[in-house]
Amino acid sequence: MKTMSKISNTAIIGFSVFLCITLILHFLQPEYEVSQRYISEFMLGESGWLLNIAITGNLIGCTAFTIAFYQFHRSHKSVVCLVCLCVATLSVLTNYFPTDVHGKAVSISGHIHNWGAFIGALAIFPVMIIFPLQLKRLGKLKGLYIALLLLGPLAPLAFVLLLSIANSAPAYVGIAQRAYALFVMTWLILAAFKLKTFNSNH
């Protein structure tokens, strides 16, 4: 199981790289109004290549997380979660397509980017809800990892809130999106740590 532990570590590193580079971009391109601009709009600036690296980190993280989860799936049959993770991972590829200004899909690239992000968000929800319930049933949901169970069901509600803000209060959509991205990434990192310890014990 040492290999699975390394794969889980890769997922943690990949997600962390995404978060760190995204944070750095705010200092490199301070002209981007945080409250109104989406994270993906950094790609339209001079430091867009850095966002591509961040996206690659996210892709590596999602891929490694899916592989690590497969080990869990082999023992506990989580077909729905495994399929959803595969869809979510593939959707990350659409992030390489540049978005349009203010996220308003005008170009083909913008449409691909937006639809990929939407599908990826929907795909991760079942994982965030079902996986913690399985851990609880197995008696493996203890300590800090209880947060996985508490936060999971909030993800769909947070996404609906994000969409609502995007439509009714676009001046604050940037803040809402960053909060949502941090929320999901934190859950994924914590889940990757759990997969690492779970797999190492089996």
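Here is a walk through this predicted model, starting with its largest pocket and moving on to a few individual residues.

Let's begin with the open space. The largest pocket holds about 1400 Å³. Its lining is made up of 48 residues, and the ones closest to the centre are Asn 114, Ala 117, Phe 118, Phe 159 and Gln 177. If you want to trace the walls on screen, look at helices H1 (2-28), H2, H3 (79-92), H4 (108-137), H6 (154-168) and H7 (173-200), each of which supplies at least two lining residues. Helix H4 gives the most, with 10 residues. As for chemistry, the lining has 29 nonpolar residues, 18 polar ones and one charged one.

Now pick out Gln 177, one of those residues closest to the pocket centre. You'll find Gln 177 in helix H7. Gln 177 counts as buried because its relative accessibility is 17%, and the cut-off for buried is under 20%. Once you set aside the neighbours within four places in sequence, Gln 177 is in contact with Tyr 38, Ile 39 and Leu 162.

Next, hop over to helix H2, which covers residues 48-76 and is home to His 73. With a relative accessible area of 13%, His 73 is buried too. So what does His 73 touch, not counting residues up to four places away in sequence? The list is Ser 78, Val 79 and Leu 82. The Ser 78 contact is worth zooming in on: the side chain of His 73 reaches the backbone nitrogen of Ser 78 at 3.0 Å.

There's another histidine to visit, His 102, and this one sits in the loop between H3 and H4. His 102 has a relative accessible area of 35%, so it is classed as partly exposed. Check its backbone while you're there: phi is near 60°, a positive value in a residue other than glycine. For background, most residues other than glycine have a negative phi.

Last stop, the charged side chains. How many salt bridges does a search of the whole structure find? Just one turns up. The partners are Glu 41 and Arg 37, and their closest N and O atoms are 2.6 Å apart. Are these two residues buried or exposed? Both Glu 41 and Arg 37 are buried.

Key
Residues numbered from 1 in each chain as written. Predicted model: local features only at pLDDT ≥ 70, side-chain atom pairs only at ≥ 80, totals over all residues. Heavy atoms only, no water. Helix = DSSP H or I, 4+ residues; strand = E, 2+ residues; numbered from the N terminus. Buried < 20%, exposed > 50% of the residue type's maximum accessible area, 1.4 Å probe, protein only. Contact = heavy atoms within 4.5 Å. Polar contact = N/O pair within 3.5 Å; in protein donor to acceptor, adjacent residues only side chain to side chain. 1 Å grid on protein atoms, 1.4 Å probe; cavity = no way out; pocket = protein on both sides within 12 Å on 5 of 7 lines; lining within 4 Å. Points joined across faces, edges and corners; volume = space filled by probe spheres on them. Nonpolar A, V, L, I, M, F, W, Y, C, P; charged D, E, K, R; others polar. Salt bridge = Lys/Arg side-chain N within 4 Å of Asp/Glu carboxyl O.
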